[in-house]
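Hi,

Here is the model I promised to pass on to you. Could you have a look at it when you get a moment? My notes on what I found follow below.

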Amino acid sequence: DPNEDTEWNDILRDFGILPPKEKLKDEIEERVLHLQKEAEGKHFGEQKVTFFFCLLFLVKPHERMNLEELKEAEDDFDEADRKAIEAYRQQRLQEWKCLQRRQKYGELREICGEQYVKEVTNAPEDVWVIIHLYRSSIPMCLLVNEHLSLLARKFPEVKFLKAIVNSCIQNYHDRCLPTILLYKTGEIKGRFIGVAECGGLHLKVKELEWKLAEVGAIETVLEGNPKKDIMNMTTLSVRNVSAHEDTNTKSSDVMKPDIE
């Protein structure tokens, strides 16, 4: 239903595929005033206000513009307006692509070796692929799968996959598990092989998130490496214990009688 008020229809209207919704005159004027205030605050100027008015509402007084009329109106735009329109179209296109990706991913999916080329190597060039090669008999692998499941929901634009290692690589050594491979444009951009490189037996989900973000596969809001905070706290604790023992030793020495 082209008249239905849905997010998808709004996207189609932004691209000019569907005609804009009718709006009351006072509502349009109120929106334009709001845009004008924003434009003045961001130093857009009168031309950009005109552009946003035309693009967002696509209306003439008392009636709507169709696509042909819009194309004719574009002749009245100057070069700055055309660049602004194209920039806005590209922005909306990227948002639309992102929305499509979010509808595709959002979970840690299981694949087998036969699907590897299709799902990993031949994935879309703008999509990061994170695949975990695991064996269910190894506790660390199960822990990594739990963390990746959480991260897959948090970063739905990234393709998270897992595969039993024997289905992909025969005779793979257990000491190399877990193995996490990060792909983009069909190439390996990063890898974590073995317990130590994956973060250790006590790996936390935030620590794994940071490791993936360092490679560039995800965009995290974490301000620093959580592992460093834990290491610093551990080091400080050890130092405090050492200092306390040293103080006790010195106190004992003072209390010893001076025997000559």
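Let me start in the middle of the sheet: Leu133 has Ala163, in strand S5, as its bridge partner. Helices (H or I, at least four residues) and strands (E, at least two) are DSSP runs, numbered from the N terminus, and two strands are called paired if DSSP finds at least two bridges between them.

Before going further, some ground rules. This is a predicted model, in which local features need a pLDDT of at least 70 and side-chain atom pairs count only at pLDDT 80 or more, while totals for chains, interfaces and linings use all residues. Residues are numbered from 1 along each chain as its sequence is written, and side-chain values use heavy atoms, with hydrogens and water left out.

**Confidence**

The protein chain averages a pLDDT (the predictor's confidence in each residue, from 0 to 100) of 75, and 55% of the residues score at least 70. Among the elements, strand S4 (residues 129-134) has the highest mean, 98, and strand S1 (residues 59-60) the lowest, 40. Two stretches call for care. Over residues 43-50 pLDDT stays under 50, and the model has 10 contacts (heavy atoms within 4.5 Å) beyond four places in sequence for them. Residues 233-239 also stay under 50, with 0 such contacts. Where pLDDT is low, the coordinates should not be read in detail.

**The sheet**

Five strands make an open sheet with mixed pairing, in the order S3-S5-S4-S6-S7. Strand S3 (108-110) and strand S7 (187-193) are the edges, each pairing on one side only. From one strand to the next the twist averages 25°; here axes are lines fitted to C-alpha atoms, for helices over the stretch in contact, and angles run from 0 to 180 degrees between N-to-C directions.

S4 and S5 run parallel and are joined by 6 bridges. S3 and S5 are parallel too, over 3 bridges, and Leu108 has Phe160 of S5 as its bridge partner. Strand S6 (residues 179-184) pairs with S7 in the antiparallel sense over 6 bridges, with Glu187 of S7 as the bridge partner of Lys184.

Two helices pack on this sheet. Helix H7 (residues 139-154) touches S3, S4, strand S5 (159-164) and S6, and its direction makes about 160° with that of S4. Helix H10 (residues 205-215) touches S4, S5, S6 and S7, at about 150° to the direction of S7.

**The core**

S5 is mostly covered, with 5 of its 6 residues buried. Buried means under 20% relative accessible area, exposed over 50%, and partly exposed in between (1.4 Å probe, protein chains only). A nonpolar core is a set of buried Ala, Val, Leu, Ile, Met, Phe, Trp, Tyr and Cys residues joined through side-chain atoms within 4.5 Å. The largest one has 40 residues, and those with the most contacts inside it are Ile130, Ile131, Phe160 and Leu212. Helix H6 (116-121), S4, H7, S5, S6 and H10 each give two or more residues to it, and H7 gives the largest share, 7 residues. Beyond four places in sequence, the contacts of Ile131 include Ile111, Val120, Leu161 and Tyr183.

What about disulfides (cysteine sulfur atoms within 2.5 Å)? The count comes to 0. Cys141 is buried at 0% relative accessible area, but it forms no such bond because the closest cysteine sulfur, in Cys198, is 8.0 Å away.

**Backbone oddities**

Most residues other than glycine have a negative phi, and most peptide bonds are trans. A cis peptide bond joins Leu177 and Pro178, with omega about -5°. Leu177 sits in the loop between helix H8 (165-168) and S6 and is buried, at 1% relative accessible area. Among the residues it touches beyond four places in sequence are Leu133, Arg135, Cys141 and Gly194. Leu177 and Arg135 are 42 residues apart in sequence, yet 7.6 Å apart in space, C-alpha to C-alpha.

Asn171, in the loop between H8 and S6, has a positive phi near 60° and is exposed at 70%. Thr185, in the loop between S6 and S7, has a positive phi near 55° and is partly exposed at 40%.

Best wishes

Note on methods. Disulfide = S-S within 2.5 Å.
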